[in-house]
Amino acid sequence: MRVIGLAGWSGAGKTTLIVKLIPLLRARGLAVSTLKHAHHAFDIDKPGKDSFLHREAGATEVLVASANRFALMRELRGAPEPSLGDLLARLSPVDLVLVEGYKRDAHAKIEVHREANGKPFLFREDPTIVALASDTREGLPAGLRHVPLDDVEAVAALVLDLARPLEHVLRHISAGASA
C-alpha cells in the first residue's frame with residue numbers, strides 16, 4: 001500500500017482533482033482508497049434512521065451493513081481526534097491511498113494551488129510538499145516539481161511516482177508528531 005497526500009487551501013480544487021484522478025488510476029488497474037480530513041462537525045447519518053437513533057442513544061460505534069457496503073461510525077464523545085497514522089492503519093489494503101487535507105502532517109504531499117484563491121503557497125513553510133499542481137508557475141523554485149492543475153494525466157504521473165509505502169509514511173508522521 002502506498003500513500004500520497006494532496007494538500008492546499010479550501011477552494012484550491014483538491015476534491016475536484018481527486019474525483020478526476022480516481023477513475024484514471026482505476027483504469028490503470030489500481031485499487032484506490034481515499035482519506036479525507038474534515039475541519040468541522042460532519043454527519044454521514046440521517047436523523048430518524050435506526051443507525052442515527054443508535055448513536056443518539058449513546059452507542060460508541062454503529063456498524064451499518066448491507067449486500068452493497070458497510071459503514072462504521074464511531075462517536076469520539078470527547079476523546080481525541082484519531083491521528084492520520086491511526087486512520088491509515090485502519091484502512092483495508094489497496095494499491096494507493098490519496099489523503100486529502102492533513103496539510104500539517106509530515107507525509108509526502110502534492111500541493112494543490114489555485115492562484116485565484118489569493119492564498120500563499122504552502123510549500124514555502126512545509127518541507128514535506130514534494131510537488132505542486134497549480135494554475136501558475138510564478139514564484140516557484142527550480143527544484144520543486146510542478147504540473148498544471150488541469151493536466152490530470154500529469155498529476156496522476158506525479159502521484160504514482162511520489163507515493164510512499166505505508167510503513168515509510170507511518171514512520172515519518174510518527175517522527176513528525178514527536179518533534
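These are my notes on a predicted model of one protein chain.

**Ground rules.** I count residues from 1 along each chain as its sequence is written, and side-chain values use heavy atoms, with hydrogens and water left out. Because the model is predicted, local features need pLDDT of at least 70 and side-chain atom pairs count only at pLDDT 80 or more, while totals for chains, interfaces and linings use all residues.

**Layout.** I looked up the fold elements and got 5 helices and 9 strands (DSSP runs numbered from the N terminus: helices are H or I with at least four residues, strands are E with at least two). From the N terminus on, I read β-α-β-α-β-β-α-β-β-β-β-α-β-α. The C-alpha trace spans about 55 × 40 × 35 Å along its principal axes.

**Main core.** I checked the largest nonpolar core next (buried Ala, Val, Leu, Ile, Met, Phe, Trp, Tyr and Cys joined through side-chain atoms within 4.5 Å; buried is under 20% relative accessible area, exposed over 50%, partly exposed in between, with a 1.4 Å probe and protein chains only). It has 26 residues, and Leu98 is one of those touching the most other members. Helix 4 gives the most to this core, with 7 residues. Another core of 11 residues lies apart from it, with Leu35 and Val94 among them.

**Arg55.** I found this one in helix 2 (residues 50-56). Arg55 counts as buried because its relative accessibility is 10%. Leaving aside neighbours within four places in sequence, its contacts (heavy atoms within 4.5 Å) include Asp43, Asp45 and Glu75.
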